[in-house]
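Grab a coffee and have the viewer open for these exercises. Try each task yourself before you read the worked solution.

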Amino acid sequence: MAKTPEKVDEFDLNIYTNLDVLTRLQFKAHGFSFNPKQPINSILAGKNVSKLRGRGLNFEEMRQYQLGDDIRTMDWKVTMRTGKPHVKVYTEERERNVFLLVDQRQSMFFGSKGKTKSVIAAEIAALVAWRTLEATDRVGGIVFNSQNCLTTLPKRSKHHVLQFLAEVCKQNQALNSGVANTNASVSLENMFEQTMRIVGHDALVIFISDGMGWNDKCAELVKNISQHNDIICCHVTDPLEHQLASMKQMVVSDGAMQIEVSSDKSQLKQDFQKDVKQAIDNFRVTARKYRIPLLPFNTLLPTETQLRKALGLVVE
């Protein structure tokens with residue numbers, strides 16, 4: 001049974017989140033940004049990832065060249081026709097659309113220590129949403145699980161952000177350890193297809209997920225989106241996931257029942273490697289292939305600390 005915000009007590013906040021918690025994160029949404037200019041030690045800087053485009057440019061007027069104008073804006077056709085140098089004048093867009101793609105599928109309902117991946121994803125979304133609003137950009141996106149994919153078009157208002165975060169909480173609190181997984185690949189594909197239909201161009205798309213279910217179709221859709229937009233992946237994993245394939249023996253529990261699993265059998269070990277290790281590695285390989293910045297997050301450290309560190313800021 002899904003918990004309502006009133007039923008999520010302090011202890012449960014490592015497992016579920018609520019709107020009050022995500023609202024209070026607006027006071028921690030500082031010390032980081034997604035501007036094109038990044039600190040030298042930021043994951044968004046350097047030669048191995050694409051540079052952020054930032055806000056787009058709108059054509060304003062054509063006028064005669066003046067001393068100090070950038071010659072790269074020269075319109076040679078008009079210059080040749082009139083016999084006088086003319087330049088195009090552009091103004092920077094004041095607002096940019098920021099789309100948050102927030103994964104609340106069953107694979108995210110996991111955490112060996114600290115918080116669950118689904119809670120970390122919700123907190124990343126909240127921090128970025130509040131920071132986007134402070135930067136006077138528009139924020140919207142898609143909150144998705146294995147069955148539903150709810151779209152919120154970008155707007156710039158606190159009420160709008162609260163509505164978006166309320167949907168994040170709704171899907172987060174609907175997660176249940178007794179619910180079986182559906183096809184993770186299909187749900188990811190559907191989400192990216194929906195993103196293709198709404199994102200337009202010159203937007204910033206922030207994908208917050210563990211990457212489970214990633215396949216070639218997802219990679220192709222992301223490639224198409226990235227042709228006219230910036231994409232950043234916030235990759236949420238749990239430390240135990242990186243150890244599953246090499247563990248010889250473990251005890252798995254859903255809080256009520258537990259089972260001891262041995263990986264001495266080669267076939268079982270191969271299944272773990274396929275479902276866990278390869279899923280994580282393939283997601284990272286795809287990000288590198290298409291030069292998409294990959295910000296790593298774990299379930300142990302405070303979310304805002306990890307966000308600031310990933311963007312190259314000094315964290316005490």
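**Exercise 1.** Find the bridge partner of Cys233 in S10, then work out how S7 sits between its neighbours.

*Solution.* This is a predicted model, so read every step as a statement about the prediction.

Step 1. Go to Cys233 and look across to strand S10, residues 294-298. The partner there is Leu294.

Step 2. Check a second pair: Val236 has Phe297 as its bridge partner in S10. In total, 5 bridges join S7 to S10, and the two strands run parallel.

Step 3. Now look for the other neighbour. Strand S6, residues 204-209, is joined to S7 by 6 bridges, and these strands run parallel too. Here Phe207 is what stands opposite Cys233.

Step 4. Trace the chain from S6 to S7. With helix H6 (residues 216-226), the two strands make a right-handed β-α-β unit.

**Exercise 2.** Sort the residues of S7 by the way they point, and decide whether they are buried or exposed.

*Solution.* Step 1. Start with the general rule: in a regular strand, side chains alternate between the two faces of the sheet.

Step 2. Apply the rule to S7. Asp230, Ile232, Cys234 and Val236 go one way, while Ile231, Cys233, His235 and Thr237 go the other.

Step 3. Check the cover, counting a residue as buried under 20% relative accessible area. For S7 (residues 230-237), 8 of 8 residues pass.

Step 4. Try S10 for contrast. Leu295 and Phe297 form its covered face, whereas Leu294, Pro296 and Asn298 form an uncovered one.

**Exercise 3.** Describe how H3 and H8 pack, and say why H8 counts as largely enclosed.

*Solution.* Step 1. You need an angle and a distance, since two packed helices are described by the angle between their axes and the distance between the axes.

Step 2. Read them off: H3 (residues 117-134) and H8 (residues 303-310) pack at about 60°, with axes 10 Å apart. The crossing is right-handed.

Step 3. List the contact. H3 brings Ile120, Glu123, Ile124, Leu127 and Val128, and H8 brings Thr303, Glu304 and Leu307. By type, that contact has 5 nonpolar residues, 1 polar and 2 charged.

Step 4. Count the burial: 6 of the 8 residues of H8 are buried, so the rest of the structure largely encloses H8. They are Thr303, Glu304, Gln306, Leu307, Arg308 and Ala310, and their cover includes H3 and S10.

Step 5. Finish just past the helix, where Gly312 has a positive phi of about 85°.

How values were computed. Residues numbered from 1 in each chain as written. Predicted model: local features only at pLDDT ≥ 70, side-chain atom pairs only at ≥ 80, totals over all residues. Heavy atoms only, no water. Buried < 20%, exposed > 50% of the residue type's maximum accessible area, 1.4 Å probe, protein only. Helix = DSSP H or I, 4+ residues; strand = E, 2+ residues; numbered from the N terminus. Pairing = 2+ DSSP bridges. Right-handed = clockwise from strand over helix to strand, strands pointing away. Axes fitted to C-alpha atoms, helices over the stretch in contact; angles between N-to-C directions. Left-handed = near helix turned anticlockwise from the far one by under 90°. Contact = heavy atoms within 4.5 Å. Nonpolar A, V, L, I, M, F, W, Y, C, P; charged D, E, K, R; others polar.
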